[in-house]
Each structure stands twice: as structure tokens, then as C-alpha cells.
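Q: I've got a model open here and would like a close look at just one part of it. Pick a part, tell me what sits around it, and give me the cut-offs behind your terms as you go.

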Amino acid sequence: MDSVIDARHVSEPGLVVLDITAADEETALAVMDGLQQLWATSGITAIRRDPAQPGVHARVHADIRRTSPGGAAGLPRGGEGQTATTDQ
């Protein structure tokens, strides 16, 4: 993806931009659908092919602080679920 990521898309903790590369459109669509089941996202976005790159590509904006209805994922609060290891 050559397009520039706007600062507002990552201006706060919990906001992310995800560039997806998959072998085929069906896989990319499945990933985007799974992400929108977990978090507030930009939804199913356009899928592009670049002849110079393998597979198909898409970009999704997500707010992992906000879960979708019925979703259990989200940004850990107050250090919950956050661990650090020396291997990182």
C-alpha cells in the first residue's frame, strides 16, 4: 500500500490501520469480516491487485477500544492482559 496513513487514523491509543495481504479475495474478505465482528472498523474495504506484488491487498481502519455488538475483544484496561517478555 503506497497511500499515506493520515495522523488522525492513529492519533490515540487503540486506533490502528491494518494493511492486509492475502492469497485471494475470499481470504481477504474473510479477514475483514472477522475483524469487523471483533471491533469497530471501516468495514469491508476495496481489494486491490498490484502486478508487482503477490496476492491481493486491502486496508482497514479499526478502533480496538470499541467492540462490535456481542464481541469480547478490546484494548486491555489498566494493564490487564499485558505482559512483557525479554524475547521481544
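A: Read along the sequence, the pattern is β-α-β-β-β, which comes to one helix and four strands. Those are DSSP runs (helices H or I with at least four residues, strands E with at least two), numbered from the N terminus. Let's zoom in on β4, residues 56-67.

First, some ground rules. This is a predicted model, where local features need pLDDT of at least 70, side-chain atom pairs count only at pLDDT 80 or more, and totals for chains, interfaces and linings use all residues. Residues are numbered from 1 along each chain as its sequence is written, and side-chain values use heavy atoms, with hydrogens and water left out.

Start with who pairs with β4. Two strands pair if DSSP finds at least two bridges between them. β1 runs antiparallel to β4, and eight bridges join the two. Strand β2, residues 39-41, is also antiparallel to β4, over three bridges. β3, residues 48-49, pairs with β4 over two bridges, again in the antiparallel sense. The hairpin of β3 and β4 has six residues between the strands, and Gly-55 there takes a positive phi near 75°.

Just past that glycine you reach His-57, which is in β4 and is the bridge partner of Arg-48. His-57 counts as buried because its relative accessibility is 11%; buried means under 20% relative accessible area, exposed means over 50%, and partly exposed is in between (1.4 Å probe, protein chains only). The His-57 side chain also reaches back to the backbone oxygen of Pro-54, at 3.4 Å.

Further along β4, the residue to click on is Asp-63. Asp-63 is the bridge partner of Leu-15, and Ala-40 has Asp-63 as its bridge partner too. At 9% relative accessibility, Asp-63 is buried. Its side chain makes a polar contact of 2.8 Å with the side chain of Arg-65. A polar contact here is a pair of N or O atoms within 3.5 Å; within protein, one must be able to donate a hydrogen and the other to accept it, and residues adjacent in sequence count only if both atoms are side-chain atoms. Leaving aside neighbours within four places in sequence, Asp-63 is in contact (heavy atoms within 4.5 Å) with Gly-14, Leu-15, Trp-39 and Ala-40.

Now look at the two bridge partners of Asp-63 together. The C-alpha atoms of Leu-15 and Ala-40 are separated by 9.8 Å, though the residues are 25 apart along the chain. Leu-15 sits in β1 and is buried, with a relative accessible area of 18%. Beyond four places in sequence, Leu-15 is in contact with Arg-8, His-9, Val-10, Ala-62, Asp-63 and Arg-65.

Then there's the nonpolar side of the story. In soluble globular proteins, nonpolar side chains tend to be buried together. A nonpolar core here is a set of buried Ala, Val, Leu, Ile, Met, Phe, Trp, Tyr and Cys residues joined through side-chain atoms within 4.5 Å. The largest one has ten residues: Ile-20, Ala-22, Ala-28, Met-32, Leu-35, Trp-39, Val-56, Ala-58, Val-60 and Ile-64. β1, α1 and β4 each supply at least two of them, and β4 gives the most, with four. From the core, Leu-35 touches Leu-18, Ile-20 and Thr-41, not counting residues up to four places away.

For scale, 23% of the 88 residues count as buried. Of the contacts with a separation of 6 or more, 53% are between residues 24 or more positions apart.

How far should you trust all this? The mean pLDDT (the predictor's confidence in each residue, from 0 to 100) is 79, and 74% of residues reach 70 or more. Over residues 75-88 it is below 50, and that stretch has seven contacts beyond near neighbours in sequence. Where pLDDT is low, the predicted coordinates should not be read in detail.
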